[in-house]
Amino acid sequence: MLNQIMQSRLRGVMLLGLILIFLPAFFANPFHYELAIQVGIVAATVVGLNLLVGFAGQISLGHAGFFGLGAYFSGIATGTYGWSSIPALVAGAIAVGVVAWIVGRPILRLKGHYLSMATLAVGFIIAIILENERALTGGPDGMSVPPLEVFGWQLSTFGRYSLFGLEISGVQAWYMVAGVLLVIATWFALNIIESPIGRALRSLKGSEVAAGVVGVNTTKYKSLVFVVSAVYASIMGGIYAHFQGFITPDLASFDFSIVLITMVVIGGMGSTFGVILGAVVIELLPQALADFQELEMAMFGLILMVTMIFMPKGLLPTLNSVVPNITRKKAAEVRHDSTG
Amino acid sequence: MVRRIGKYAAAVATGLMMLSAQASEPIKIGSFVSATGPASFLGDPELKTLEMYVEKINDEGGVLGRDLELVHYDDGGSASSARNFASRLIRSDQVDIIVGGSTTGTTMAAVPLIQQARIPFISMAGAVKITTPVKKWVFKTPQSDRMAAERILRDMKDRGITKIGLISGTGGFGSSGRAQTLEAAEQMGVEVLADVTYGGSDTDMTAQLTDIRNTEGVEAVLNFGFGQGPAIVTRNYADLGMELPFYQSHGVASDSFLDLAGSSAEGLRLPASPLLVPDSLPEGDPQKEVVQDYKAEYEAHYDSKVSTFGAYAYDGLNLAVRAIEKAGSTDPEAVRKALENIEGYVGVTGEFNMSPDDHNGLNVDSFRILEVQNGKWTLIN
Amino acid sequence: MFSEFLQYLFTGTTIGATYALIALGFTLIYNASHVINFAQGEFVMIGGMTTVALTGMGMPMIVAVVLAVILASVLGLALQRLAIAPAKQADVVTLIIITIGASIFIRGIAQVVWGKEYHSMPNFSATQSLEVFGAVLNSQSLWVFGIGAVLVVALVLFFTKTLSGKAILATSMNKEAARLVGIRTQVVLMLAFMVSAFLGSVAGIVVAPITFTSYDIGIILGLKGFVAAAIGGLGSGVGAIVGGLALGIVEAMAAGYISSDYKDAVAFSMILLVLFFMPRGLFGAKVVERV
């Protein structure tokens with residue numbers, strides 16, 4: 001059944017939208033909204049990262065660097081220079097995209113784990129710059145960021161807004177923004193996957209040499225998808241900065257890069273809805289571990305290990321293949337479609 | 001990584017516990033501290049102090065006839081989780097006052113939110129920028145790094161030193177300390193001839209110290225930083241055979257620093273609260289009794305050594321209690337006003353005299369200069 | 001001037017030798033299985049922390065060191081046997097995430113068992129620091145160089161003279177062919193993890209008197225080891241050693257001569273430079289992809 005729903009990208013996105021609409025029924029207080037907003041922003045980031053990991057077969061160990069760079073670009077442009085939010089987000093995305101292109105293009109000519117090393121280095125260099133350029137970034141103690149502002153309309157978590165005559169609170173309005181962004185991010189990613197670029201990328205995963213032989217310009221497509229995933233991170237970083245109202249260089253840390261890649265792998269590389277599930281699980285798992293107190297860290301490591309050992313394909317793809325297959329399609333075929 | 005993901009960990013458990021406690025209408029003290037992570041040496045004694053004294057105050061009849069209830073979260077030293085927990089304290093737990101923020105980073109991350117929510121907040125972090133310029137709802141208990149810098153430079157000048165080398169950590173504490181030292185030095189007529197830094201997880205600072213050693217005219221060296229870094233600096237300093245007077249900041253004013261640095265620490269000086277040398281205070285020093293009591297009570301309760309950083313929480317809690325008593329209610333604005341007008345509160349850290357222009361209330365003299373002699377802290381003045 | 005340079009060189013080579021040992025561990029496992037083992041730093045931590053804990057219980061230093069190294073090696077073996085081997089069909093990326101999980105797990109246990117404090121370890125020999133042309137050489141540095149050199153020679157002998165060593169080499173070059181000639185590749189993989197855990201723990205022990213040690217020291221040392229391996233071309237033993245020393249020296253020189261704020265950035269830029277201009281690393285092997 002699950003497979004059937006996931007089959008078309010339209011139905012998948014609609015299901016995601018429905019979940020997002022009914023989710024607030026389970027929220028008891030504004031803090032729950034805040035949690036959901038953060039999960040949404042991070043989930044949209046990993047949907048972008050998944051394009052790189054799941055379809056170009058490349059690992060980025062520095063994606064938090066792009067996220068952090070986007071966050072600081074928005075923070076500095078709107079806070080220090082008084083830009084409006086949207087131009088800041090766009091300019092930040094372009095800047096990050098250019099950085100990714102400069103780094104990615106020469107590295108992606110090579111085969112192997114080289115992009116992971118290059119992105120690791122780039123992520124660290126970005127974090128070091130954010131920490132040391134105190135005049136611009138406020139240094140390791142961070143800087144505050146003004147609320148999101150669209151056409152003179154400010155979105156603060158403490159504000160009150162009316163929408164179609166309905167009075168809603170600041171966190172509810174933010175939840176809508178985050179939800180809409182996640183749906184758009186997902187829709188866009190699914191379209192890339194189904195486009196000729198996506199098909200070319202999937203052929204890369206099979207065998208890069210074979211793809212090259214049949215005339216697919218592997219370097220170009222890989223670079224392109226790397227840039228797209230960096231742009232995702234940059235935009236979401238900017239949104240996150242506005243939402244939090246305060247940012248520190250931690251956002252660009254190696255730790256956070258690892259968190260992002262872990263979300264992709266645990267949710268299911270190559271499965272757009274899987275990585276969203278991965279983001280939800282990794283962000284919320286510690287709540288379930290609260291009782292373990294001191295052992296929390298060890299428990300988290302253990303769960304991560306065990307999950308990957310027994311579900312090497314990730315949570316959603318494994319669930320998919322376990323749920324009874326009503327459509328009688330061959331399992332492999334279904335997985336191929338549903339992970340799209 | 002787990003630190004970051006672990007941000008909501010304690011939240012659920014505490015939330016459940018609170019449901020059952022609604023009936024007696026306690027006064028809610030909220031707190032977010034860095035009980036784990038790289039700043040746990042700050043957050044751990046802070047949390048222990050808060051827990052112990054909330055219990056003690058309740059045993060003695062509470063405040064305004066109501067019990068205190070401590071709602072606390074561990075931010076693991078991460079600014080974004082500190083901000084989230086501040087939000088949870090305000091929005092979900094609806095606390096009356098917040099005593100928290102172990103580091104400047106976690107404090108500053110919560111400030112914009114707290115200013116909007118209009119809840120009194122007493123920070124336990126050091127940087128001068130927390131209360132300068134004054135923020136309406138934000139107070140703090142430790143002396144600022146600016147005061148530490150001034151106190152150190154004054155001691156140097158008393159010894160006839162006017163040209164120094166500065167080595168500082170690149171973390172929040174070190175880099176703010178560095179900026180304040182440079183400013184204070186300029187005002188006080190001290191020249192900083194060498195100015196080098198090291199990263200928080202660096203394992204060897206010999207190169208940076210060599211740089212200072214080879215700078216002509218340096219008469220003393222100051223290290224601004226916290227964590228294990230300053231202990232490595234101290235060791236490298238001794239290994240290099242540098243014999244210039246050596247100063248550390250209040251960031252390492254603890255016995256565990258002496259354990260790490262060992263004999264290399266001999267002769268170094270730093271500014272600290274009198275907590276490390278309670279018995280050397282002269283009779284008649286107003287702080288003597290408070291300091292001795294806190295030390296005795298803490299060490300009896302926890303069977304571990306008292307730390308300067310726990311004292312920041314002690315003073316924060318007592319200031320909060322005093323303000324609530326004076327305000328006669330938990331009305332945020334009344335409590336804030338009362339806090340702002342506290343005068344003559346003698347705490348472990350020093351004597352607090354708050355005012356609308358000074359949300360810290362301490363002066364430079366609350367720092368005592370200590371020197372390591374025979375492996376022990378010794379009061380110089 | 002010269003004494004200054006020499007001082008940076010001493011500092012850099014000492015820490016660089018440590019990086020090199022850790023990098024060799026990365027290289028060994030990478031060659032045998034194509035896995036980047038992010039738990040490598042935890043072996044370094046286990047070495048240092050076990051030694052500190054055991055000597056703290058009154059054990060003689062040498063016994064503590066031997067036990068620490070054995071514990072780390074067993075842990076390396078267990079990691080391969082219990083975490084890597086069962087995930088047979090897994091992607092390399094999945095295996096990497098497993099090692100990240102293992103590293104968090106080991107660190108989490110260490111935090112509970114040994115606490116969060118930093119610990120100091122005495123120098124191996126009580127002698128004073130030496131003075132060479134105006135530069136100071138910590139007596140522990142000599143131990144780091146000495147033990148590092150002995151290990152490298154031992155490794156070379158191991159790979160060229162012993163059957164197990166040759167089997168590891170053969171498996172790194174071609175897994176299927178190795179299996180065809182009767183090498184049990186699973187055993188070889190276990191051996192590779194064990195040897196690299198051994199190398200990591202020794203690095204963790206010899207460097208602990210200089211850097212202190214704590215439950216989370218493995219994060220930064222492991223990372224630096226990986227950077228060193230990457231500079232050396234990830235997969236080349238000579239590259240790992242040269243990469244480690246180069247990284248250590250560049251860090252010290254950058255801290256001394258350029259800006260200490262940006263010394264880590266200099267180290268990471270080295271990776272980019274190597275990748276841009278010497279894509280196979282300083283000593284990277286030529287790779288032929290099987291189709």
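In this predicted model, a convenient place to start is the sheet of chain B, where B:Ser168 has B:Phe224 of strand S8(B) as its bridge partner. That pair belongs to a parallel arrangement in which strand S6(B) and strand S8(B), residues 220-224, are joined by 5 bridges. On S6(B) there is also a pairing with strand S7(B), residues 191-198, again in the parallel sense and over 7 bridges. Within this second pairing, B:Gly165 is matched with B:Ala194 of S7(B). The connection between the two strands runs from S6(B) through helix H7(B), residues 172-188, to S7(B), and the resulting β-α-β crossover is right-handed. Strand S6(B) itself spans residues 163-169 and is mostly covered, with 6 of its 7 residues buried.

Stepping back to the whole of chain B, the assignment gives domain 1, made of residues 2-144 and 291-363, and domain 2, made of residues 146-278 and 367-379. Taken over C-alpha atoms, the centres of the two domains of chain B are separated by 29 Å. Where the domains meet, domain 1 of chain B contributes 20 residues and domain 2 of chain B contributes 18. On the domain 1 side, helix H5(B) (104-117), helix H11(B) (287-302) and helix H12(B) (308-327) are the elements that give two or more residues. Of these, H11(B) gives the most, with 3 residues. By class, this side of domain 1 of chain B holds 11 polar, 7 nonpolar and 2 charged residues.

Confidence in chain B averages a pLDDT of 87, and 94% of its residues score at least 70. Residues 1-23 of chain B call for some care, as the pLDDT there is below 50; this stretch nevertheless has 53 contacts in the model beyond near neighbours in sequence.

A few backbone details merit a look. Most residues other than glycine have a negative phi, and most peptide bonds are trans. In chain B, a cis peptide bond joins B:Thr132 and B:Pro133, with omega at about 0 degrees. B:Pro133 sits in the loop between strand S4(B) (121-123) and strand S5(B) (138-140). B:Gln94, although not a glycine, has a positive phi of about 50 degrees, and its place is the loop between helix H4(B) (79-92) and strand S3(B) (97-100). B:Gln94 counts as partly exposed because it has 13 C-beta neighbours inside 10 Å. In chain C, C:Phe212 likewise shows a positive phi, near 65 degrees, and lies in the loop between helix H8(C) (185-211) and helix H9(C) (217-231). With 23 other C-beta atoms within 10 Å, C:Phe212 is buried, since the cut-off for burial is 20 or more.

Turning to chain A, the model contains 16 helices and 6 strands in this chain. Of the 340 residues in chain A, 55% are buried. Contacts in chain A that span at least 6 positions in sequence include 75% that join residues at least 24 apart.

Chain A also meets chain C, with 35 residues of chain A in contact with 37 residues of chain C. On the chain C side, helix H4(C) (92-114) and helix H11(C) (263-277) are the elements that give two or more residues. The largest share, 14 residues, comes from H4(C). The side of chain C that touches chain A has 26 nonpolar, 6 polar and 5 charged residues.

Definitions and conventions: Residues numbered from 1 in each chain as written. Chains lettered and ligands numbered in written order. Predicted model: local features only at pLDDT ≥ 70, side-chain atom pairs only at ≥ 80, totals over all residues. Buried ≥ 20, exposed ≤ 12 C-beta atoms within 10 Å, placed from the backbone. Helix = DSSP H or I, 4+ residues; strand = E, 2+ residues; numbered from the N terminus. Pairing = 2+ DSSP bridges. Right-handed = clockwise from strand over helix to strand, strands pointing away. Contact = placed C-beta atoms within 7 Å. Nonpolar A, V, L, I, M, F, W, Y, C, P; charged D, E, K, R; others polar. pLDDT = per-residue confidence, 0-100. Domains from an automatic or database assignment.
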